[in-house]
Amino acid sequence: MAAAAGSGTPREEEGPSGEAAAPQPQAPTSVPGARLSRLPLARVKALVKADPDVTLAGQEAIFILARAAELFVETIAKDAYCCAQQGKRKTLQRRDLDNAIEAVDEFAFLEGTLD
């Protein structure tokens with residue numbers, strides 16, 4: 001079903017099989033108050049600038065670093081939560097992070113950092 005041209009509603013295009021294609025997702029910036037990053041970008045920029053090897057840091061780079069940090073924290077938290085669930089607990093403990101770091105090869109670079 002397609003909306004009339006100029007009606008102001010998004011138009012759904014028909015796919016090859018004649019069915020309506022799924023509407024394209026809109027950027028979250030169209031929603032007032034929506035944030036693209038949950039981490040404060042000013043704090044991330046301050047951490048980046050603390051490195052003496054960094055002279056310039058563009059806003060896009062700061063955003064990408066903040067988003068990467070969010071994804072990293074989300075991933076390790078999910079893995080640690082799985083370790084907590086194996087112990088029949090819902091609360092994360094330090095040993096759950098230690099177990100997640102030991103269990104997942106991608107976290108091998110973190111071994112010994114929590115000591």
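Visitor: Which residues does arginine 89 touch, not counting residues up to four places away in sequence?
Guide: In this predicted model, arginine 89 touches Cys83, Ala84, Arg95 and Asp96, once residues up to four places away in sequence are left out.

Visitor: And where is arginine 89 placed?
Guide: Arginine 89 is in the loop between H2 and H3.

Visitor: What joins the side chains of arginine 89 and aspartate 96?
Guide: The two side chains, that of arginine 89 and that of aspartate 96, are joined by a polar contact of 2.7 Å.

Visitor: OK, on to the helices. At what angle do H2 and H3 pack?
Guide: Helix H2, which covers residues 59–86, packs against helix H3, residues 94–103, at an angle of about 110°, and their axes are 8 Å apart. The two helices, H2 and H3, are therefore roughly perpendicular to each other.

Visitor: Which residues make the contact?
Guide: From H2 the contact takes Ile76, Asp79, Ala80, Cys83 and Ala84, while H3 brings in Asp96, Leu97, Asn99, Ala100 and Ile101. Sorted by class, the residues of this contact of H2 with H3 are seven nonpolar, one polar and two charged.

Visitor: Cys83 came up twice there. How many disulfides does the count come to?
Guide: The count comes to zero disulfides, a disulfide being a covalent bond between the sulfur atoms of two cysteines.

Visitor: Why is cysteine 83 without a bond?
Guide: The closest cysteine sulfur to that of cysteine 83 belongs to cysteine 82, and because the two sulfurs are 7.0 Å apart, they are too far for a bond; a disulfide needs the sulfur atoms to be within 2.5 Å. Cysteine 82 is likewise in no disulfide, with the sulfur of cysteine 83 as its nearest cysteine sulfur.

Visitor: Are those two cysteines buried or exposed?
Guide: Cysteine 83 counts as buried, at 15% relative accessibility, whereas cysteine 82 is partly exposed, with a relative accessible area of 39%.

Visitor: Back to H2 for a moment: how do H1 and H2 pack?
Guide: Helix H1, made of residues 41–49, packs with H2 at an angle of about 100°, their axes being 9 Å apart, and that makes H1 roughly perpendicular to H2.

Visitor: Which residues meet there, and of what class?
Guide: On the H1 side, Leu41, Val44, Lys45 and Val48 meet Gln59, Ile62, Phe63, Leu65 and Ala66 of H2. By class, the contact of H1 with H2 has seven nonpolar residues, one polar and one charged.

Conventions:
Residues are numbered from 1 along each chain as its sequence is written. This is a predicted model: local features need pLDDT of at least 70, side-chain atom pairs count only at pLDDT 80 or more; totals for chains, interfaces and linings use all residues. Side-chain values use heavy atoms; hydrogens and water are left out. Axes are lines fitted to C-alpha atoms, for helices over the stretch in contact, and angles run from 0 to 180 degrees between N-to-C directions. Helices (H or I, at least four residues) and strands (E, at least two) are DSSP runs, numbered from the N terminus. Angles under 35 degrees count as roughly parallel, over 145 as roughly antiparallel, 65 to 115 as roughly perpendicular and the rest as oblique. Contact means heavy atoms within 4.5 Å. Ala, Val, Leu, Ile, Met, Phe, Trp, Tyr, Cys and Pro count as nonpolar, Asp, Glu, Lys and Arg as charged, and the others, Gly among them, as polar. A polar contact is a pair of N or O atoms within 3.5 Å; within protein, one must be able to donate a hydrogen and the other to accept it, and residues adjacent in sequence count only if both atoms are side-chain atoms. Buried means under 20% relative accessible area, exposed over 50%, partly exposed in between (1.4 Å probe, protein chains only).
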